[in-house]
Amino acid sequence: MSFSLAEQQDTIVALATPQGVGAIAVIRLSGKDAIRLTNQVFFGKDLEKQQSHTIHFGTIRDGDRIIDEVLVSIFIAPKSFTKENVVEISTHGSSYIINQVIRLLIKKGARPAKPGEFTQRAFLNGQFDLAQAEAVADLIHADSEASHAAALNQMRGGFSSEIQELRAQLIHFASLIELELDFTEEDVEFASRDDLRVLVEKLLRAVEELILSFDLGNVIKNGVPTVIAGKPNAGKSTLLNALLNEEKAIVSDIAGTTRDFIEDEINIGGVIFRFIDTAGLRETTDTIEAIGVSRTQEKMKTASLILYLFDLSDTDLVEINRDINKLENLGVPYLKVANKIDKADPELVKELKEKHPDTIFISAGKKENLDGLKTKILELVNLDKFKTGNTVVTNIRHYDSLTKTRESLLEVLGGLDNQVTNDFLAMDIRRSLYFLGEITGEITTDDLLANIFSKFCIGK
């Protein structure tokens, strides 16, 4: 999906609130004729004579027929989200009313907006850069405190300003290198190679830090896939139910009750965790259960966190050590969670505290020490960097551009080491600038914009 120059001159209209019946709905228009078109169907004050950022009561009419009583908010360019004339019509939330008003506005000359077209116009008109535009979508879909804070920081330019600063420093040296190309016969050096090396190494450290932050950013944005694993009847389903505070999973004394995955999301400390209750890990002759066990092992390999749960009333230290060794080989962060502390052998508890002091003791059935478990889970996510206000990369497109920037900067360093000619050095610097520019939109293509804004909802 792309937008032609002619389409960008159109006045567009769409429902800005979610589909479905509600108390109110907001219909949004943007374009040079937004106020004029609305004025043709609005009966109240003359909207074309009103000041920006004002709200007016009246009726929307199709000829003599009243469709609804409404409030109309007007925003005169450039003081609006899109930097164009914008009108927002608050109607009653009936789908019939919404359709009637939108059809009437289309009849008067507006056209239906495409997905993301309002935000794309804001970007094209210089309201914000591309990274900030993408943050609008992230903010709409934020479902936790952490994802909301990350999206808000990006939308307000935190990430963009860091990228622009890096790019500005490199542009300065790039221009000096380019200038040297015009004076090749005079053998003049405008850009100190030592200074360039210092700058590139500084940029590499900054880019590396942003790249490394993506693991945390991905957790913040998409949640932490967390597998609850252990023997049958260790209390995995009981723990899931206790964390969710509802009977999501079937709990039974019969071993092997859970034969596939039961998954749900839990918000812990502002972070979304996607908990997965799995089939018990054991040897079994039951074909269906065996498939569940096999799938559990695959899930454990791809998890970001494993809660290894064992039953203190039905296990020993030898078995626990054997399972821990298997977990160590997976290379996935895990927590040792000892369940049924109320039924535990005191000697086993003492041994665990000596040999595995990081073990967390709980009773899922009685909901004992679940807060302690949640605290340990959050510690493994390590939000310290995020909470200090540092920039965190949450977008895979930005991560890809940053890795390509790193490769190009390494080529610049390699060129300096091998004393390559200025034209090759300038080419590697230009590539670095290109990939940094892709992030904020200094460098764009129609395909890139179409891919980004097609993921937005209509009306945003």
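## Surface patches

Ile-55 is exposed, with a relative accessible area of 58%. This value comes from a predicted model. Ile-55 sits in strand S4, which covers residues 54-62. On the surface, Ile-55 joins Phe-57 and Leu-71 in a nonpolar patch. Together the three residues have about 320 Å² of accessible area.

A second patch carries charge. Asp-345, Glu-347, Glu-351 and Glu-354 form a negative patch on the surface. Glu-351 belongs to helix H12, residues 346-355. Glu-351 is partly exposed, at 31% relative accessible area. Patch members must have over 30% relative accessible area, so Glu-351, at 31%, meets that cut-off.

## The nonpolar core

The largest nonpolar core has 30 residues. Phe-159, Leu-196, Leu-402 and Ile-429 touch the most other members. Four helices give two or more residues each to this core: H7 (158-181), H8 (193-222), H15 (396-417) and H16 (422-440). Helix H8 supplies the largest share, ten residues.

Helix H16 also holds Leu-436. This leucine is buried, with a relative accessible area of 2%. Leu-436 and Leu-166 are 270 residues apart in sequence. In space, their C-alpha atoms are 8.4 Å apart.

## An enclosed helix

Helix H9 spans residues 236-244. Eight of its nine residues are buried, so the helix is largely enclosed by the rest of the structure. The buried set includes charged and polar side chains as well as nonpolar ones: Lys-236, Ser-237 and Asn-241 are in it, along with Leu-239, Leu-240, Ala-242, Leu-243 and Leu-244.

What phi does Asn-245 take just after H9? Asn-245 has a positive phi of about 60°.

## Salt bridges

The structure holds 17 salt bridges. One of them pairs Glu-88 with Arg-28, and the closest N and O atoms are 3.1 Å apart. This pair links distant parts of the chain. Glu-88 lies in strand S6 (residues 86-93) and Arg-28 in strand S2 (residues 22-30), 60 residues apart. Arg-28 is buried, with a relative accessible area of 11%.

A helical pair contrasts in setting. Lys-376 and Glu-379 meet through their side chains in a salt bridge, 3.9 Å from N to O. Both residues lie in helix H13 (residues 370-381). They are three residues apart, about one turn of the helix. Lys-376 is partly exposed, with a relative accessible area of 35%.

## A charged network

Which residues are linked in a network of salt bridges? The members are Asp-10, Glu-84, Arg-111, Glu-117 and Arg-121. Within this group, Glu-117 forms a salt bridge with Arg-111. Their closest N and O atoms are 2.5 Å apart. Are these two partners buried or exposed? Glu-117 is buried, and Arg-111 is buried too.

## Recap

Buried charges recur among the salt bridges: Arg-28 is buried, as are Glu-117 and Arg-111. Lys-376, in contrast, is partly exposed. Helix H9 is largely enclosed, and helix H8 gives the largest share of the core. At the surface, the nonpolar patch includes Ile-55, while the negative patch includes Glu-351.

Notes: Residues are numbered from 1 along each chain as its sequence is written. This is a predicted model: local features need pLDDT of at least 70, side-chain atom pairs count only at pLDDT 80 or more; totals for chains, interfaces and linings use all residues. Side-chain values use heavy atoms; hydrogens and water are left out. Patches are made of residues with over 30% relative accessible area and no salt bridge: like charges are joined within 9 Å, nonpolar side chains (Val, Leu, Ile, Met, Phe, Trp, Tyr) within 5 Å. Accessible areas come from the Shrake-Rupley method with a 1.4 Å probe; for residues, only the protein chains shown count as cover. A salt bridge is a side-chain nitrogen of Lys or Arg within 4 Å of a carboxyl oxygen of Asp or Glu. Lys and Arg count as positive and Asp and Glu as negative; His and the chain ends are not counted. The place of a charge is taken as NZ of Lys, CZ of Arg, CG of Asp or CD of Glu. Buried means under 20% relative accessible area, exposed over 50%, partly exposed in between (1.4 Å probe, protein chains only). A nonpolar core is a set of buried Ala, Val, Leu, Ile, Met, Phe, Trp, Tyr and Cys residues joined through side-chain atoms within 4.5 Å.
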